[in-house]
Amino acid sequence: MWNPDSDLTRSFGDFQPLFGYIDLHFYQQPGLYTDPSFIQLSFISTACMLFFVLLFLWWMCKLLDNIYEDSLFSYENVSIVFKLGLTLIVAGTAYTYTDGLLLSKALAALTVSNAQISLSDLSYVDTLIGGIVLLLISWALKIAVRAVEENNKTI
């Protein structure tokens, strides 16, 4: 990205970005793949994916450890499920949105003679809704934790 003509960059071969929903193979490397804004967007998309996966796995590991050691019904788990929801909303949506931008730029570079390709990419809505569902689950878990603690105090 910073030194496209360096020996290290040439050792990686032709630039082939990853698209989430389709396999798109060009017979010759298009000029789009040498466009600095496309390369930067691909880098941002990959970084968002890595950030999302690492954060999600980190919070899931902590949640499963807490469930194994203690119980599901603790305020720490409420916080972890809430953070899982925020991670899905912010990092997951950022990844799927930038991936959709990459796909739309690549499809715009295609030349189709007897058809038209149109893409309405709303795939980022999945992660947005999933994150909201996790936030609602954390809210319900908070109420359940309060009920369990109240039940333990009365017994």
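# Cores, helices and aromatic pairs

The largest nonpolar core of this predicted model has twelve residues: F52, W59, L63, V78, I80, V81, L84, L88, A91, L134, L141 and V145. Three elements each give two or more residues to this core, namely α2 (36-69), α3 (75-108) and α4 (124-154). Helix α3 supplies the largest share, six residues.

One member of the core, L84, can be followed through its contacts. Apart from neighbours within four places in sequence, L84 is in contact with F56, W59, M60, L63 and L134. A second core, separate from this one, has six residues, among them L32, F38, L41 and L102.

**Helices α3 and α4**

Helix α3 has 34 residues, which at 1.5 Å a residue should span 50 Å; the C-alpha atoms at its ends lie 49 Å apart, which agrees. A kink of about 30° is present in α3, and its centre is G92.

Helix α4 has 31 residues, and at 1.5 Å a residue the expected span is 45 Å. The end C-alpha atoms of α4 are 46 Å apart, so the two values agree.

Buried residues in α4 are T127, G131, L134, S138, L141 and V145. Helix α3 is included in what covers these buried residues of α4. Of the buried residues in α4, L134, L141 and V145 also appear in the list for the largest nonpolar core.

I132 also has its place in helix α4. With a relative accessibility of 43%, I132 counts as partly exposed, because that value falls between the 20% limit for buried and the 50% limit for exposed. F82 is 50 residues from I132 along the chain, and the C-alpha atoms of the two are separated by 9.4 Å.

**Aromatic pairs**

A pair of aromatic rings is described by how far apart the centres are and by the angle of the planes. The count of aromatic pairs comes to three. Among them is the pair of Y33 and F38: the ring centres are 5.5 Å apart and the planes meet at 15°, so the pair is stacked. The limit for stacked is an angle under 30 degrees. Y33 counts as buried at 2% relative accessibility, and F38 counts as buried at 0%. F38 is also one of the residues of the second core.

Another aromatic pair, Y97 with Y124, is edge-to-face, with 5.4 Å from centre to centre and 85° between the planes. This pair links distant parts of the chain: Y97 is in helix α3 and Y124 is in helix α4, 27 residues apart. Y97 is partly exposed, with a relative accessible area of 42%, and Y124 is partly exposed, with 24%.

**Cysteines**

How many disulfides are there? The count is zero. C48 counts as buried, with a relative accessibility of 18%, whereas C61 counts as partly exposed, with 43%.

**Accessibility of the residues discussed**

The table gathers the relative accessibility values given above.

| Residue | Relative accessibility | Class |
|---|---|---|
| Y33 | 2% | buried |
| F38 | 0% | buried |
| C48 | 18% | buried |
| C61 | 43% | partly exposed |
| Y97 | 42% | partly exposed |
| Y124 | 24% | partly exposed |
| I132 | 43% | partly exposed |

Terms used. Residues numbered from 1 in each chain as written. Predicted model: local features only at pLDDT ≥ 70, side-chain atom pairs only at ≥ 80, totals over all residues. Heavy atoms only, no water. Core = buried A, V, L, I, M, F, W, Y, C linked by side-chain atoms within 4.5 Å. Buried < 20%, exposed > 50% of the residue type's maximum accessible area, 1.4 Å probe, protein only. Helix = DSSP H or I, 4+ residues; strand = E, 2+ residues; numbered from the N terminus. Contact = heavy atoms within 4.5 Å. Expected span 1.5 Å × (residues − 1). Phe/Tyr/Trp six-rings, centres within 6.5 Å; stacked < 30°, edge-to-face > 60°. Disulfide = S-S within 2.5 Å. Bend = angle between axes of the 7 residues up to and from the residue.
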